[in-house]
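Hi,

Here is the structure I promised to pass on to you. Have a look at it first, and then read my notes below.

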Amino acid sequence: MKLWEISTSECGGDAEGIMRRGNIFQIANGYMGYRGTLDEFGSEQLVGITLAGIFDRVGDAWREPVNAPNGGYTSVTIDGVELSALSETDVEHTQSLNFANAAFQRETRFLSGDKAVTLKSSRFLSADTPNLGVIRFSIRCDAATEVMIRTGIDGDIWDLNGPHLPKLAYEKRGDVLVTYGSTHESSKGVAVAEALECGFGEDAHEICEQKNLRVIHFSAKAGKTYSFDKYFAVVTDNDAFETPVDQAAIDIVERAKVRGYMACLAKHDDVWAGKWAESDVVIEGDDEAQLALRYSILQLLMVAPVKSSSNSIPARALSGQVYKGAIFWDTELFMYPFFLHTNPEVAVELLRYRIRTLDGARRKAMTEGPGYRGAFYAWESQETGDDACSYFNVGDPITGRDLRTHFRDKQVHISGDVAIAMWKYFLHTGDDSLLLEGGAEVILECARFYFSYAYFKKDKARYEILDVIGPDEYHERVNNNAFTSQVARETFVVALAAVEHLRLKHPSQLDVLLERLEIARELIDFAEAAELLYVPEPDAETGVIEQFEGYFKLKMTTPAELKERLVHPNEYLGAGQGLAVPTQVIKQADVVMMLNLFKNRYSAAIKRANWEYYEPRTEHGSSLSACAYAMVALEFGNLDFAYRYFLKTAKIDLEAKSKLYAGTIFIGGSHPAANGGAWMTAVFGFGGVNAEDGRLSIHPRLYEKWNRLQFPLNYQGDRFVITITHEVVTITAPSTNSRTHLVNVAGDVVQCEADATLSVPLVSLCK
Ligand code: BGC
């Protein structure tokens with residue numbers, strides 16, 4: 001089994017198959033994502049080059065990220081017949097994705113009449129020049145044939161709510177094609193340029209059906225391979241080039257063409273080798289798990305935001321415009337830990353995005369509710385941090401009506417998710433610079449928000465967080481949701497800790513901040529709330545924590561029973577009339593999510609009790625759910641279950657069985673949160689890495705059939721390679737490490753010196 005590649009021989013088939021392969025075989029470089037579609041495909045096959053951080057709105061439709069014109073377009077016509085993998089002609093096809101360098105390849109052999117033609121292409125989005133895509137394309141005919149190639153930029157692009165670039169210009173300047181336009185809402189320029197290195201045929205310029213093309217005619221000799229290289233660049237007004245976007249795009253492709261395909265590829269490969277060195281996880285003894293986890297890691301590496309962009313990762317990454325290209329809590333809770341422990345520079349970028357959008361969160365607090373203050377982060381956040389989530393976010397497929405949902409106004413845990421992630425960066429890296437760069441301000445403003453949101457119940461002498469949605473979106477407007485309240489309380493704790501740290505280390509900067517925010521007098525409130533905010537406790541007898549007040553009184557049923565009552569397969573189970581609303585069926589991990597996030601605060605017995613209670617009631621209707629259950633199962637020793645849900649999470653996009661619709665809303669695309677969840681389950685779960693309490697500990701729970709689990713880990717600015725077998729844990733620290741670290745390995749505290757390898761036998765753990 002190949003462990004660094006996936007491939008398929010499917011190419012045609014139904015629209016769903018084409019969409020699925022577009023997701024599975026996508027490539028990306030943080031700046032843009034290019035769906036895994038074929039060179040000759042068009043908007044109908046959902047070809048998409050989705051751009052990070054640039055959004056547009058047309059009319060009343062949802063704002064969504066902009067898709068760029070497709071600079072990778074090529075079609076080939078033989079004796080007047082256009083070759084398409086979708087046509088009825090006989091084709092033999094393979095397409096593959098190489099994990100090592102995120103390159104997409106296709107090879108298709110067409111039988112057209114009595115002639116056989118093989119098309120090959122290989123494309124990558126440059127990892128060192130984010131605006132650039134490079135393609136090598138080749139044609140080989142078995143018999144002498146007249147060939148016409150149409151290659152260039154296809155301006156007919158797939159949009160959910162477009163067109164976002166309504167008046168595209170199509171030009172050829174010198175040898176370079178350029179298609180450019182500007183967005184509908186804010187007139188941001190977007191340009192795509194294409195340069196070709198082609199040593200054969202006559203090249204004519206043509207503009208046809210929104211395609212800016214070169215049409216190349218030539219007589220192919222039998223058995224000879226004709227190949228050309230294509231360079232395309234996308235530039236938008238968000239980029240800081242000195243020249244206008246069209247010229248900047250032209251400059252990039254011209255430079256790339258001079259450098260040549262092999263040199264561009266070599267640079268790209270170098271960057272990728274570095275990425276994998278920082279993050280690959282080896283699972284020996286289980287190829288299925290290895291491939292799926294590596295695929296998950298690849299997905300995260302591909303969509304990591306470009307350096308200094310202060311962008312983040314949307315819930316469907318760069319696989320299209322689903323979920324409005326918005327950033328959810330998915331990033332901080334599911335993807336961020338991977339970057340924090342493998343490549344903290346990327347983690348910083350994700351946090352800077354929240355710093356950059358703090359004003360949007362402040363605006364939301366001011367406009368969303370009565371007397372809210374501070375930062376109420378957007379549930380669905382785009383470039384300004386204003387909320388893209390609508391009040392009617394799901395359509396009912398039975399009536400066609402829009403359903404009132406409260407994700408936007410009541411899913412308040414988002415602010416705490418952000419604040420906790422911000423603080424974790426300092427805790428886990430020891431680097432406090434981000435706190436000074438705006439991180440402390442974010443944390444304080446989130447604490448301020450919760451204080452304005454909380455109620456003080458005089459009769460109970462405590463604060464309560466009321467009228468919220470927890471992670472389980474099927475139960476809206478509930479009181480004292482354990483997850484939300486715990487996150488809110490932690491935000492107060494973290495705010496006070498950040499202030500304390502700055503007071504000790506950077507007192508004058510703290511004074512300036514407190515004065516600017518006029519928040520000094522509120523710190524006493526935060527301290528009181530940190531102590532008196534009510535978080536539901538485990539029941540004294542059963543150990544089960546009630547998800548929210550009144551949850552236990554809801555009707556007991558199971559997801560399977562509910563599904564039997566569906567009138568429509570895509571029916572949404574939540575919102576006002578949803579089938580799950582009066583029942584205990586929950587959409588996704590909620591209490592179990594909390595037990596995982598605050599894992600050091602609860603015993604294994606409490607984890608087991610809650611897991612056993614909630615699992616049968618959980619639909620796992622979100623890709624975020626299974627990994628939380630897997631990680632908590634590991635905490636109390638249910639390795640088989642954990643393994644099943646680990647695989648389910650890691651294979652989510654490879655198997656592509658997850659829901660495509662929530663109500664009437666299309667939600668297909670890739671699942672980067674699950675990709676992060678798979679990494680966490682491997683490293684924190686089976687690897688037993690725990691860095692939560694200011695000390696690194698490793699209590700492995702290696703799955704039976706895994707012989708070896710090995711991964712690099714970044715902690716406190718230093719790096720380690722951890723190797724776990726059933727007998728021994730080995731920690732290697734490179735000479736570049738700054739100091740000796742104390743690590744607790746299965747109960748033994750060991751000293752990990754720089755430039756040393758140490759092995760700790762796992763005497764007490766049996767296979
Ligand atoms: C889940 C949310 C998640 C969102 C984006 C929803 O289905 O319930 O928790 O943030 O999808 O992934």
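**What I found**

Strands S6 (residues 70-78) and S12 (residues 145-154) pair in the antiparallel sense over seven bridges. Two terms to get out of the way: strands (E, at least two residues) and helices (H or I, at least four residues) are DSSP runs, numbered from the N terminus, and two strands pair if DSSP finds at least two bridges between them.

Before going on, note that this is a predicted model, where local features need pLDDT of at least 70 and side-chain atom pairs count only at pLDDT 80 or more, while totals for chains, interfaces and linings use all residues. Residues are numbered from 1 along each chain as its sequence is written, and side-chain values use heavy atoms, with hydrogens and water left out.

Back to S6. Within its pairing with S12, Val-76 sits opposite Ile-149. S6 is also antiparallel to strand S7 (residues 81-82), with two bridges joining them, and there Ile-78 faces Val-81. The hairpin of S6 and S7 has two residues between the strands, and Asp-79 in it takes a positive phi near 45°. How many residues of S6 are buried? Nine of its nine are, so to speak, under cover; buried means under 20% relative accessible area, exposed over 50%, and partly exposed in between (1.4 Å probe, protein chains only).

**One residue to click on**

Try Ala-191, which lies in strand S15 (residues 189-198). Ala-191 counts as buried because its relative accessibility is 0%. Leaving aside neighbours within four places in sequence, the contacts of Ala-191 (contact means heavy atoms within 4.5 Å) include Thr-179, Tyr-180, Val-234 and Asp-246. Glu-500, by comparison, is 309 residues away from Ala-191 in sequence and 48 Å away in space, C-alpha to C-alpha.

**Domains**

The domain assignment splits the chain into domain 1 (5-278) and domain 2 (280-686); such bounds come from an automatic or database domain assignment. The centres of the two domains, taken over C-alpha atoms, are 36 Å apart. Their contact takes 38 residues from domain 1 and 34 residues from domain 2.

**Three helices**

Two packed helices are described by the angle between their axes and the distance between the axes. Here axes are lines fitted to C-alpha atoms, for helices over the stretch in contact, and angles run from 0 to 180 degrees between N-to-C directions.

Helices H4 (residues 287-303) and H5 (residues 329-342) pack at about 85°, with their axes 11 Å apart. That makes H4 roughly perpendicular to H5 (65 to 115 degrees; under 35 is roughly parallel, over 145 roughly antiparallel, and the rest oblique). Ile-297, Leu-300 and Leu-301 of H4 meet Met-335, Phe-338 and Phe-339 of H5. By class, this contact has six nonpolar, no polar and no charged residues. For these classes, Ala, Val, Leu, Ile, Met, Phe, Trp, Tyr, Cys and Pro count as nonpolar, Asp, Glu, Lys and Arg as charged, and the others, Gly among them, as polar.

H5 also packs with helix H6 (residues 344-356): their axes come within 7 Å and cross at roughly 150°. That makes H5 roughly antiparallel to H6. The H5 residues involved include Trp-329, Tyr-336 and Leu-340, and the H6 residues include Val-346, Leu-350 and Arg-354. The contact of H5 with H6 has nine nonpolar, two polar and two charged residues.

**Two open sheets**

Which strands form the five-stranded open sheet? The order is S19-S28-S29-S30-S33, with antiparallel pairing. S19 (282-284) and S33 (756-761) stand at the edges, each with a single partner strand, so one side of each is left without a neighbour in the sheet. Neighbouring strands are turned by 15° against each other on average, direction ignored.

Seven bridges join S28 (residues 708-715) to S29 (residues 718-724), and Leu-713 has Phe-720 as its bridge partner. H5 turns up again, packing on this sheet and touching S28 and S29, with its direction at about 80° to that of S28. A hairpin joins S29 to S30 through three residues. Val-729 in S30 stands opposite Ile-724 and also opposite Val-760 in S33.

The other open sheet has four strands in the order S26-S27-S31-S32, with mixed pairing. Its edge strands are S26 (689-690) and S32 (748-752).

Cheers
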